[in-house]
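Good morning, and thank you for coming. I should like to take you through one protein chain, moving from a helix to its surroundings and then to a sheet.

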Amino acid sequence: MDTRNAIVAVLKEITSAGLLREVNAALDTLEDGDAVAAAVAASEGIARLEAVRFRALAQLSRHRDGASSVVQEVALGLSVVDGHAAGLVSTAEALTTRLPCTLGLLDRGKVGGYGAMKVAAATAWLSDEDARAVDAVLEDRLPGRNSEQVRKAANHAAMMVDREGAARRAERHRAGRRLSIRQGETGVASIEVEDGPVEKVAAAYTRIDREARALKTGGEPRTLDQLRADVALDLLLGGQGGSERPEVFLYMDLNTYLGLNDDPAELAGHGHIPAALARHIASGADTVLRRIITDPLSGQVLDLGRDRYRPTAGLGEFVRVRDRECRRPGCHRVAQACDLDYAVPWQHGGHTAHTDLIDLCRRDHRLKDEPGWTYRLDADGTLTITTPTGQTYDSTPPPLHEPRAEEPPF
């Protein structure tokens with residue numbers, strides 16, 4: 001057995017289902033104090049395994065010379081979102097180069113992987129020398145601290161090591177401002193301006209709060225929190241200078257729309273929503289209804305209806321409606337914000353047809369051209385992505401409805 005297989009075998013043995021099944025069965029016999037001790041021991045073991053994972057990810061990054069596509073490969077391999085994968089890779093690189101004491105705490109189970117990520121983030125702006133100095137200072141301060149305490153301790157130590165650099169750090173943070181969306185449970189989502197200038201954020205909140213309080217009259221049933229959220233969204237949607245509201249794709253069966261069943265609908269980029277909420281959205285004053293013809297056996301899109309008051313749909317719109325989101329597994333950027341790309345490059349025989357076109361967000365569009373990444377689009381729409389390490393991942397547009405044996409009579 002070679003070294004690679006031996007390492008994998010040992011890790012699988014440590015976490016084997018049989019061994020853990022025996023442990024789980026014995027947990028029912030524990031008293032309160034012993035249950036806490038067991039949870040602590042489990043957390044320490046998890047931290048040690050996280051140290052192994054960080055070292056493995058650092059080795060992958062070294063083998064690939066720090067290529068940006070490592071993040072996407074980790075996201076696919078570990079089934080995590082890209083942002084978390086990026087944090088894991090950057091933390092792995094920091095722990096194995098400039099934060100040896102923090103890595104040692106992981107090895108001893110004294111700090112968890114999430115806390116280690118906080119240390120890596122707090123020291124990312126420091127020079128290697130200063131980062132090692134902070135790492136040494138924190139070695140005795142982190143054990144027993146929760147992640148928020150770890151973050152504060154690491155930030156304070158970093159600021160004390162390079163006080164002048166702290167001002168530059170604040171400037172860089174402000175330059176990194178961005179808008180993000182986070183999909184929540186059914187029917188809700190969050191939008192956030194991250195790292196915005198504090199004075200503008202404070203002023204914006206003050207305006208929203210003032211307008212919300214002005215609406216809080218005796219007959220207003222909404223809470224102040226609800227009013228603030230509604231005011232903020234109204235301000236965002238109303239500040240477009242008279243242009244059209246942005247288009248979103250809501251996928252709903254006709255029978256659901258008519259109230260003949262309560263099958264869930266799907267909002268592109270978010271996921272499934274209850275039928276009642278879908279009907280509420282579809283009945284809005286600005287709603288444009290489209291007829292989409294599907295294959296009854298597969299539920300896949302065959303054609304877009306042309307009867308609508310907006311311009312006729314073209315090939316690009318067909319592909320976006322079909323794909324809904326970026327086609328790389330795990331990426332949920334809505335298709336309207338993606339690039340159309342050839343699964344088989346044009347110069348290698350690709351055709352400008354829905355059978356060859358896919359939606360990829362800008363980052364994954366660039367990833368496709370990285371060395372070692374190959375893409376194959378099958379006739380049924382299944383996209384197979386092969387990574388530089390030979391792992392394969394499939395992506396198929398979800399059907400608009402469950403496959404049917406035959407079309408229902410009307």
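**A helix and its surroundings**

Let us begin with helix 7, where G113, G115, A116, M117, V119, A120, A122 and T123 are buried. Buried here means under 20% relative accessible area, exposed means over 50%, and partly exposed lies in between, with a 1.4 Å probe and protein chains only. Helices (H or I, at least four residues) and strands (E, at least two) are DSSP runs, numbered from the N terminus.

Before going further, I should state the basis of what follows. This is a predicted model, in which local features need pLDDT of at least 70, side-chain atom pairs count only at pLDDT 80 or more, and totals for chains, interfaces and linings use all residues. Residues are numbered from 1 along each chain as its sequence is written, and side-chain values use heavy atoms, with hydrogens and water left out.

Helix 7 covers residues 113-123, and 8 of its 11 residues are buried, so this helix is largely enclosed by the rest of the structure. What covers those buried residues? The cover includes helix 3, helix 5 (82-95), helix 6, helix 8 (128-138), helix 9 (147-161) and helix 10 (163-175).

Two of these covering helices, helix 5 and helix 6, also pack against helix 3, and I shall take the two pairs in turn.

Helix 3 (residues 32-63) and helix 6 (residues 100-107) have axes 7 Å apart and pack at an angle of about 135°. Axes are lines fitted to C-alpha atoms, for helices over the stretch in contact, and angles run from 0 to 180 degrees between N-to-C directions. The two helices are therefore oblique to each other; angles under 35 degrees count as roughly parallel, over 145 as roughly antiparallel, 65 to 115 as roughly perpendicular and the rest as oblique. On the helix 3 side, A47, R48, A51, F54 and R55 meet L103, L106 and D107 of helix 6, where contact means heavy atoms within 4.5 Å. By class, this contact of helix 3 with helix 6 has 5 nonpolar, no polar and 3 charged residues. Ala, Val, Leu, Ile, Met, Phe, Trp, Tyr, Cys and Pro count as nonpolar, Asp, Glu, Lys and Arg as charged, and the others, Gly among them, as polar.

Helix 3 and helix 5 pack at about 95°, with their axes 8 Å apart. That angle makes helix 3 roughly perpendicular to helix 5. The contact is formed by R53, F54, L57, A58 and S61 from helix 3, together with L88, T91, A92, E93 and L95 from helix 5. These residues of the helix 3 and helix 5 contact divide into 6 nonpolar, 2 polar and 2 charged.

Staying with the covering helices, consider the loop between helix 9 and helix 10, which holds D162. Is D162 buried or exposed? With a relative accessibility of 17%, D162 counts as buried. Beyond its neighbours within four places in sequence, D162 is in contact with W125, L126, D130 and R168.

**Two exposed residues**

I181 belongs to strand 1 (residues 178-183) and counts as exposed, at 60% relative accessibility. Apart from neighbours within four places in sequence, I181 contacts S190 and I191. A214, in helix 11 (residues 198-215), is exposed as well, with a relative accessible area of 59%.

**A sheet of three strands**

Now to the sheet, an open one whose 3 strands run in the order 10-11-12 with antiparallel pairing. Strand 10 (374-377) and strand 12 (392-395) are its edges, each pairing on one side only. From one strand to the next, the twist averages 20°. Two strands pair if DSSP finds at least two bridges between them.

Strand 10 pairs with strand 11 over 4 bridges, and T384 in strand 11 is the bridge partner of R376. These two strands form a hairpin with 5 residues between them, and G381 in the turn has a positive phi of about 95°. Side chains alternate along strand 10: Y375 and L377 point to one face and are buried, whereas T374 and R376 point to the other and are not. Another 4 bridges join strand 11 (residues 383-386) to strand 12, where T392 is the bridge partner of T386.

**The whole chain**

Finally, the protein chain contains 16 helices and 12 strands. Of its 410 residues, 33% count as buried.
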